[in-house]
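Ready to practise reading a protein model? Work through the exercises below one at a time, and try each task yourself before you look at its solution.

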Amino acid sequence: MTVLFTDSGAGGDANPIGGSYVTLTGLIGLQRLSNTIANASGSDGDCAARINVATANDHYCKIRPSTVSNRDFGAMVRCQSGSAGGVLMTDYNATDVEVYVLVAGSFGSFVDRDAGTYQTTSDVYMEAQGTSYLTKIGASTINSFTDATHSTGQGGIFAYDSAARIINVEIGDFAVGDTLFAQALT
């Protein structure tokens, strides 16, 4: 694995966050707020950004929640440039982690739901390799599925809940010869 981007969330408040964070077309941006990354709408709403770094088609996104009272947020992979598209995970109802394929701003493609909840002590992780996807919370695998909707894109973040707060963002890719789903999580 090669780490391509990291962000601890620390920095001056900015709305929108800017820098390497590029708002997905048609959605609301993210903001830096009190040393965290947050929904920039001021109320519940679909906010998302891709991390604008050169990213291989096979990559991962790992985030650390700093608040989990509102859980409709998460890591994204294969975020599309020029459209609101990608694959995202969310702890929508605080009992199940759900995965959606977002196409042109539509959440019509529900992929999977499995038991699991976000914690401030565990990373939220999503990876894409070929048509295979994996989500984890800490070291526990939550979802494993296949989908061929998006074959390219970049890592990113989705945040619906206005009170969601994220720290420690990491985007990376896989070296030739890496074994699928074999990376260590911290």
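**Exercise 1. Find the partner of Asp-123, then describe where Asp-123 sits.**

Step 1. Look at the side chains: Asp-123 and Arg-64 are joined by a polar contact of 2.9 Å. A polar contact is a pair of N or O atoms within 3.5 Å; within protein, one must be able to donate a hydrogen and the other to accept it, and residues adjacent in sequence count only if both atoms are side-chain atoms.

Step 2. Place Asp-123 on the chain: it belongs to the loop between β10 (106–115) and β11 (124–129). Strands (E, at least two residues) and helices (H or I, at least four) are DSSP runs, numbered from the N terminus.

Step 3. Check its surroundings: Asp-123 has a relative accessible area of 6%, so it is buried. Buried means under 20% relative accessible area, exposed over 50%, and partly exposed in between (1.4 Å probe, protein chains only).

A note before you go on: this is a predicted model, in which local features need pLDDT of at least 70 and side-chain atom pairs count only at pLDDT 80 or more, while totals for chains, interfaces and linings use all residues. Residues are numbered from 1 along each chain as its sequence is written, and side-chain values use heavy atoms, with hydrogens and water left out.

**Exercise 2. Work out why Cys-47 and Cys-61 form no disulfide.**

Step 1. Recall the bond: a disulfide is a covalent bond between the sulfur atoms of two cysteines. Here the cut-off is a pair of cysteine sulfur atoms within 2.5 Å.

Step 2. Take Cys-47: its closest cysteine sulfur, in Cys-79, is 14 Å away, so that is too far for a bond.

Step 3. Take Cys-61: the closest cysteine sulfur is again in Cys-79, at 7.7 Å, which is too far for a bond.

Step 4. Widen the view: the whole structure has 0 disulfides.

**Exercise 3. Locate Ala-48 and list what surrounds it.**

Step 1. Ala-48 is part of strand β5 (residues 47–51), and with a relative accessible area of 0% it is buried.

Step 2. Compare positions: Gly-29 is 19 residues from Ala-48 along the chain, yet their C-alpha atoms are separated by 5.7 Å.

Step 3. Leaving aside neighbours within four places in sequence, the contacts of Ala-48 (heavy atoms within 4.5 Å) include Val-22, Leu-30, Met-76 and Phe-158.

**Exercise 4. Look for unusual backbone angles, and say where they occur.**

Step 1. Start with the rule: most residues other than glycine have a negative phi, and most peptide bonds are trans.

Step 2. The peptide bond from Asn-15 to Pro-16 is cis, with omega near 5 degrees. Pro-16 sits in the loop between β1 (2–7) and β2 (21–23).

Step 3. Ser-34 is not a glycine, but its phi is positive, about 50 degrees. Its home is the loop between β3 (30–33) and β4 (36–39), and at 56% relative accessibility it counts as exposed.

Step 4. Arg-78 also has a positive phi, of about 55 degrees, without being a glycine. Arg-78 lies in strand β7 (residues 73–79) and is buried, with a relative accessible area of 1%.

**Exercise 5. Describe how β8 and β9 are joined.**

Step 1. Strand β8 (residues 86–90) and β9 run antiparallel, joined by 5 bridges; strands pair if DSSP finds at least two bridges between them.

Step 2. Within this pair, Val-87 stands opposite Val-101 in β9.

Step 3. Strand β9 (residues 96–103) is mostly covered, with 7 of its 8 residues buried.
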